[in-house]
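Q: I have a new model open and would like to learn how to read its hollows and its strands. Could we go through them together?

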Amino acid sequence: MKLSRRSFIKASVATGVIAAGAGGTKPMLQALAENSGKENKQVSEGEWRPTVCQGCTTWCAVQVKVVNGRAVKVRGNPHSKANNHDGKVCPRAHLSLQQVYDPDRIKTPMKRTNPKKGRNEDPQFVPITWDEAIDEIAEKFLELRKNNEPHKFVLMRGRYTYLREILYGAFPKLIGSPNSISHSALCAEAEKFGSYYTEHYWGYRDYDLRNTRYVILWGADPLASNRQVPHAMNVWGEVMDRAKVAVIDPRLSVTAAKADEWLPVIPGEDGALATAMAHVILTEGLWNKSFVGDFVDGVNRFKQGETVDPETFQENLTYGLVRWWNLELKDRTPQWAEQKAGIPAEQIIRVAREFAEAAPKAISWLSPGTSMQVRGGYAAMAAHALNGLVGSVDNVGGTIRSAKYPTQAIPSVEPFMDDIAKAGNKHHKVDQRGYKEFPALKKGKSGKGVVTNRLADAILDEDPYEVKMAIGYWNNFTFSCAGASRWEKALEKLPFFVHITTHPSEMAMFADIVLPAAHHLYERLGYIESKANTISYIAMNQRVIEPVWDVRIDETEIPWMIAEKLAEKGFTNVLDYFKSIKDPETGKTPTNSWEFSEYVLKTMTQPIWDPAIKTEGDQFSGWEEFKKVGIWNSEPYKFRNKWKDFGTKTGKFEFYSETLKAALEHHAEKHNTNVDDIMKVTKYQARGELAFVPHYEEPFRWGDEKEYPFIFVEHRSRLNREARSANCQWYQEFKDVDPGDERWDDVAKINPVDAGKLGLKTGDKIRLKSPTGEIECTAKVWEGVRPGTIVKCYGQGHWAYGRIAAKDFKKRMPRGGNNNELLPADYERLSGSTVRHGGVTRVKVEKL
Amino acid sequence: MPNYAMVIDLHKCAGCGACAIACKNENNVPEGIYWANYIHRTRGKFPNVRYEFIPTLCNHCEEAPCVKACPVGAMHKDENGLTLHDPSKCIGCKACVVADPYGVIYFNEEKPHEFWYDKEEAIEKITSSGQEMGKNYDVPFPYYNPDRAKTYAGVRPKGVVEKCTMCDHRIKEGKVPYCVYSCPSGARVFGDLDDPNSEVNKLLNQYSYFRLGENFGTKPKVFYIREF
């Protein structure tokens, strides 16, 4: 039978109807027709609509192709000058289609009917209306306030947009709780510690990749994760044509595979490499003389083992070089580092030399891999100090910051806080920040940083006080926090927990009420600030399709609904405050949750879109045009502006950190002790002045080497949408784009030498045990990992995220094992950061 | 008439798989079937290890063994040098699958996208099912791309084969294949092999290249330059 294209389509519509009721195996043509009948109705050009992808912390401006109301594709927003040249995005963005249309999404508010909580308890969730859900939540708030204990409410934030100012910023304060607890310390606070206590910058750095000549990546894998992923992928071919790349990572990442140098460091020994490289740069006279300064007579006195008289050196834009040398660097030879880090001295020398010779167009790139170790804070400082030595800080081809983001704040909540709220807000934040052993020295202040993972212990121990109620949004701490089982216990104990989430999750399973959230890329309003390629940008999350289910925006709509309900019950302050945020164009007061969301967004971004307000960067004729374009780009970064005054205590780039010294001394004073004691309780080895310079610390590891012979290494997946994509088919089907990994599986990678000793082969089912937990997964024998280590990607092991993510959702059987059930809950305490890298635990392997 | 070909620059390739995922998206490719795919291998001994990644797709061979093997003319060469497949002629005999030395032709053993017909709910009445989702949309599945149906079955049914068409539906509209468009590192270049000034020819003149299975006599038209 021969059909022309035209008659073929015609026939398909006709036979489609006939075939509908037929069972069994259909003749080929009929089956073909059945499908075609449905598919040919909607051929249409569609429209690309702007929004934001928050699948990782790059935060790309993207566009969604919408055809007849359906999202069909995602691409980079071509208006972006930072991350998404020519509409490029990384593979993660495509996966989002399988998130928003995932049948396993929560489609309605639900309520737990089984009061018993636990992983093996069926919550017996039943659907309820939004009104019922909000009513119950409002009642709980009123009860806390009636008993003068509103501070016993905790707001847990995971990922966010800048509309966090409502739910995370204003709302708890108006209720009377200081407890807005962010996820930040799970992310990379220890890394920021490195740049802050050298150049006074608490933030992620941008890098001038287009102009660089050498890149040292400290555990970073920019082709797969970290920030500015699409930009890195886009320019990496050119970078490798022009520059050399050295990757320090115990595992062969894809960036390492493509690099000129791979330094498979013994986990946690990065500090040895960084200090040895500094030693080489100084002894060989390769530092940047115009940035750092020089010996007065031009004679290099940096000789191995010899102290230097500070008077002989005239420093320029840096501070404390000679003291750093005398306290730490003089004995940090490459030969010493070889013993510690397991990297040949000659390779350390070569990388240090070539890095310094390429400078100042050289980048020493920090990542969690180096810093998220119990003793990783100083390794981060040491790695970042290399940028200071070669003058690449804030310089062309080097490591830079961001331009200013011209947004404006929402009005103060102060006038709307009643006495109960004011009293509640006076309590210490519940996460134990600022305790003697948790300095959390964000931006130089004791207890300013968050200690996210400590919240579980605070709840369990009722220290500093009991927590009676919590709302969590866009987070999944029961999965994403090291020592995850503590979170299960903490949530079992928590009397009333509300989870706002798109999917069922390990955290939702412990909730009393679950509220379905709008998906950030498709269904909500919001905006983000990010940067790459020397450009800072602001992009808006927009509703590009009608929501798939009856969902609400976590950060604005849900607090509005609670505020309305509270007002109905007599407490009007929250709603009064919300109504004080007007439409900046018309002056209108919001009358519903959507208008409220939009007015907050318009208010905060007004300096960008309002032509009456003068700002740099992209210009817009008004709100409608900004909405249509979806992104504002800054002017290109202005280099060397910080050189005049870095903002440190001395105004210089500090090798001897007076800024850290002041912070540590203040924290010690607060606890009536000295810095040595603080070093001790934070598990650091340094005593005396060593605490104020970047220096080597032995990695801290859980587990005895005899019982737990392997060092555990974890890494990120280039398909992880922050551990929320494992329920996407494409995630599982393409999991082997992470080198060494396997499709539809969760593997522990082991070197063939070790596998041989254990009698393991690829595909064997194994159990990994650490001193604090155990998981099951599959063995993968692979040369890309260092002997003596077990390397495993984070992201699999979900037991409650949906039917694809789990091996058996109904039986709570995970696909593989969650690394966080293996990792102990420990901290880089000076920053408050949770630790997971640098071989923080040892493990043993059992064949099943 | 153009003679279409593709050059993949392995130096630029980041091994991310965006090509393979975007292809599934563009062409409504069901689970387990890969029009675009990749090969990877790890060689050497620690610490001297090399990991290589080679994206793959139908080579649109000039001497296509799959075309020769097809008894009904379903698998055919078009006027632009593409190897295309007509599912309305296909009898599902799989002769092309057997003849294809690259493993890029797939046979639909099952009803495609069965996921979207499944009735199971993760949590009863709280979450949805594939079937319920499917009912809400007038297409085979919610993110179904209707453009694919312009030149080929939008979804290929059980009982026939399917493979990469080099996005012939996009080429006809002056666009590049979606894997080329979606490659974040700009590693893929598409163009006319018979045009001496095309970008593909510029690259092939500038760099040495290799093709998969050079010795098969298939004259593949996917060229690889430089090293991963």
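A: Happily! Let us begin with residue classes: Ala, Val, Leu, Ile, Met, Phe, Trp, Tyr, Cys and Pro count as nonpolar, Asp, Glu, Lys and Arg as charged, and the others, Gly among them, as polar. Keep in mind that this is a predicted model.

Q: How many residues of each class are in the lining of the second largest pocket?
A: That lining has 13 nonpolar, 4 polar and 7 charged residues. The space in this pocket is about 470 Å³. Closest to its centre, among 24 lining residues, are A:Ala256, A:Ala259, A:Asp260, A:Glu261 and A:Trp262. Two or more lining residues come from each of helix H9 (254-258), strand E11 (261-263) and helix H14 (345-358) of chain A, and also from strand E3 (48-56) of chain B.

Q: Which residues lie nearest the centre of the second largest cavity?
A: They are A:Trp474, A:Thr502, A:His520, A:Arg724 and A:Tyr801, out of 21 that line it. Its lining divides into 5 nonpolar, 12 polar and 4 charged residues. Strand E18 (residues 496-501) of chain A gives the most, with 3 residues. The cavity holds about 230 Å³ of space.

Q: Now the strands: in what order do the 4 strands of the open sheet in chain B come?
A: Strands of a sheet pair through backbone hydrogen bonds, either parallel or antiparallel. Here the order is E8-E1-E10-E9 (chain B), with mixed pairing. Strands E8 (188-192) and E9 (209-210) of chain B are the edges, each pairing on one side only. E1 and E10 of chain B run parallel, joined by 4 bridges, and B:Val7 stands opposite B:Phe223.

Terms used
Residues numbered from 1 in each chain as written. Chains lettered and ligands numbered in written order. Predicted model: local features only at pLDDT ≥ 70, side-chain atom pairs only at ≥ 80, totals over all residues. Heavy atoms only, no water. 1 Å grid on protein atoms, 1.4 Å probe; cavity = no way out; pocket = protein on both sides within 12 Å on 5 of 7 lines; lining within 4 Å. Points joined across faces, edges and corners; volume = space filled by probe spheres on them. Pairing = 2+ DSSP bridges.
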